[in-house]
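Let's take a walk through this structure together, one piece at a time. Have a look at it first, then read on.

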Amino acid sequence: MHDTSKVALNVKKILCFALLRGQPARLPGSKAIGWDFGVFEMPKILDGVAIAAAIKLEVAEEVRALTAQGIRPGLAAVLVGNVAASEIYVRSKVQTCADLGLYSELITPPDSVTTEEMLDLVAKLNGRDDIDGILIQLPLPKQVDTKALLDAIDPAKDVDGFHPVNAGRLQAGRPALAPCTPAGVIEILKRSAIPISGQHAVVVGRSDIVGKPAAMLLLHQNATVTICHSKTRNLGEITRQADILVAAIGRPGFIKPEMVKPEATIIDVGINRLTTREEFDRFFAGDAKREATFAKRGSTIVGDVHPRAFELSSAYTPVPGGVGPLTIAMLMANTVRAARMRRGL
Ligand code: GUN
């Protein structure tokens with residue numbers, strides 16, 4: 001038996017199939033539309049919190065083993081100025097180090113810091129044996145030359161994977177520290193037993209931090225990869241071919257239901273804060289749970305995928321609670337990896 005919401009959802013999916021393919025949707029095992037509602041399942045929610053927790057447990061175990069050998073992996077987290085969002089992220093990174101047994105150091109230069117002072121700091125951290133990973137939280141104040149700074153980090157300690165040497169190694173398929181968020185995307189897919197090899201993965205967004213490395217990591221897993229971006233023509237035609245759709249374009253609800261192939265896996269990397277009633281209603285009108293959050297906090301977040309688009313998928317990462325938690329887990333994993341690699345372990 002099916003409850004009404006499930007039947008309604010299945011009918012919607014079937015109609016979508018028909019609409020998108022321009023022909024009657026024939027389901028496996030049935031002769032006509034709607035005969036076999038059991039073919040479609042509710043989309044599976046890919047629980048990033050649970051996956052991140054599993055990774056953190058593994059990292060904590062590795063940290064214990066390394067520490068027993070006299071090697072305690074250490075992370076230096078550099079937080080410049082008083083950007084509220086950066087403060088929350090960095091404090092959470094430092095707290096997670098403590099939770100997993102890593103050494104960590106929070107360095108907080110003032111907002112007025114110069115490029116030279118930051119380069120000095122990086123040189124010192126590069127030279128310290130107790131520091132395996134250096135994280136400089138972005139964005140930096142505009143007087144600081146971000147590229148010069150990221151280039152100055154020892155690639156062996158570049159746990160964000162932003163250094164061109166690591167980007168190059170990743171592209172060449174050599175051992176590299178990969179950026180944390182895209183590495184987390186791969187972990188979500190693998191740990192959820194979602195096939196990647198031979199699948200058409202469409203990445204929407206071409207940033208150095210997410211889009212490009214995500215495409216490269218998917219390629220290394222033998223996906224057929226297409227990268228789309230803000231200038232792509234007929235975007236919907238391409239995204240509708242995706243078996244795995246990765247949305248990382250930084251625009252709220254950018255991926256609409258008609259841009260999704262029914263039964264695709266959707267990975268939503270976006271984190272966009274909605275603060276006005278108008279914005280809220282565009283995505284969450286009638287959603288009582290979201291309404292409660294919005295009333296309490298005066299804001300809520302939406303990803304780069306319109307919430308209605310998830311209904312068509314076979315599996316998706318929610319926002320919040322999908323890709324987000326993986327970023328810190330992978331930063332911890334990268335720090336331990338850097339500690340090993342630096343010592344040839
Ligand atoms: N700012 C937003 N995301 C990130 C990240 O993953 N690493 C750093 N260093 N800064 C960020």
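**A helix with two sides**

Let's begin with helix 4, whose buried residues are Met118, Leu121, Val122 and Leu125. Those four span an arc of only 100° around the axis, which means they sit on the same side of helix 4. That fits a general rule: an α-helix has 3.6 residues a turn, so residues three or four places apart point the same way. Keep in mind that all of this comes from a predicted model.

What about the other side of helix 4? There you'll find exposed residues, namely Glu116, Asp120, Ala123, Lys124 and Gly127. Helix 4 itself covers residues 115-127, so to speak 13 residues in a row. From its first C-alpha to its last it reaches 18 Å, close to the 18 Å expected at 1.5 Å a residue.

And what do the buried residues of helix 4 pack against? Their neighbours are three strands, strand 2 (74-78), strand 3 (103-107) and strand 4 (133-136), together with helix 5 (146-152).

Now step over to a sheet. This one is open and has six strands, in the order 1-11-8-7-5-6, with parallel pairing. Its edges are strand 1 (44-45) and strand 6 (224-228), each of which pairs on one side only.

Strand 8 (residues 265-268) is a good place to pause. Is it covered on one face or on both? Both: Thr265 and Ile267 are buried on one side, and Ile266 and Asp268 are buried on the other. Strand 8 runs parallel to strand 7 (residues 244-247), and four bridges join the two. Here valine 246 stands opposite isoleucine 267. Strand 8 also runs parallel to strand 11 (residues 315-316), this time with two bridges, and isoleucine 266 stands opposite tyrosine 316.

Valine 246 turns up again when you move along to strand 5 (residues 200-204). Strand 5 pairs with strand 7 in the parallel sense over four bridges, and valine 246 is the bridge partner of valine 203.

There is a ligand to find as well. Around it are Leu135, Ile136, Gln137, Leu138, Asp160, Cys180 and Thr327. By type, this shell divides into four nonpolar residues, two polar and one charged.

Finally, zoom out. The protein has 13 helices and eleven strands, and 41% of its 345 residues are buried. Of the contacts between residues at least 6 apart in sequence, 70% join residues at least 24 apart.

Technical notes:
Residues are numbered from 1 along each chain as its sequence is written. This is a predicted model: local features need pLDDT of at least 70, side-chain atom pairs count only at pLDDT 80 or more; totals for chains, interfaces and linings use all residues. The expected span of a helix is 1.5 Å times one less than its number of residues. A residue is buried if 20 or more other C-beta atoms lie within 10 Å of its own, exposed if 12 or fewer, and partly exposed in between; C-beta atoms are placed from the backbone. The arc is that of the directions from the helix axis to the C-beta atoms. Two residues are in contact if their C-beta atoms, placed from the backbone, lie within 7 Å. A residue is near a molecule or strand if its C-beta atom, placed from the backbone, lies within 6 Å of it. Ala, Val, Leu, Ile, Met, Phe, Trp, Tyr, Cys and Pro count as nonpolar, Asp, Glu, Lys and Arg as charged, and the others, Gly among them, as polar. Two strands pair if DSSP finds at least two bridges between them.
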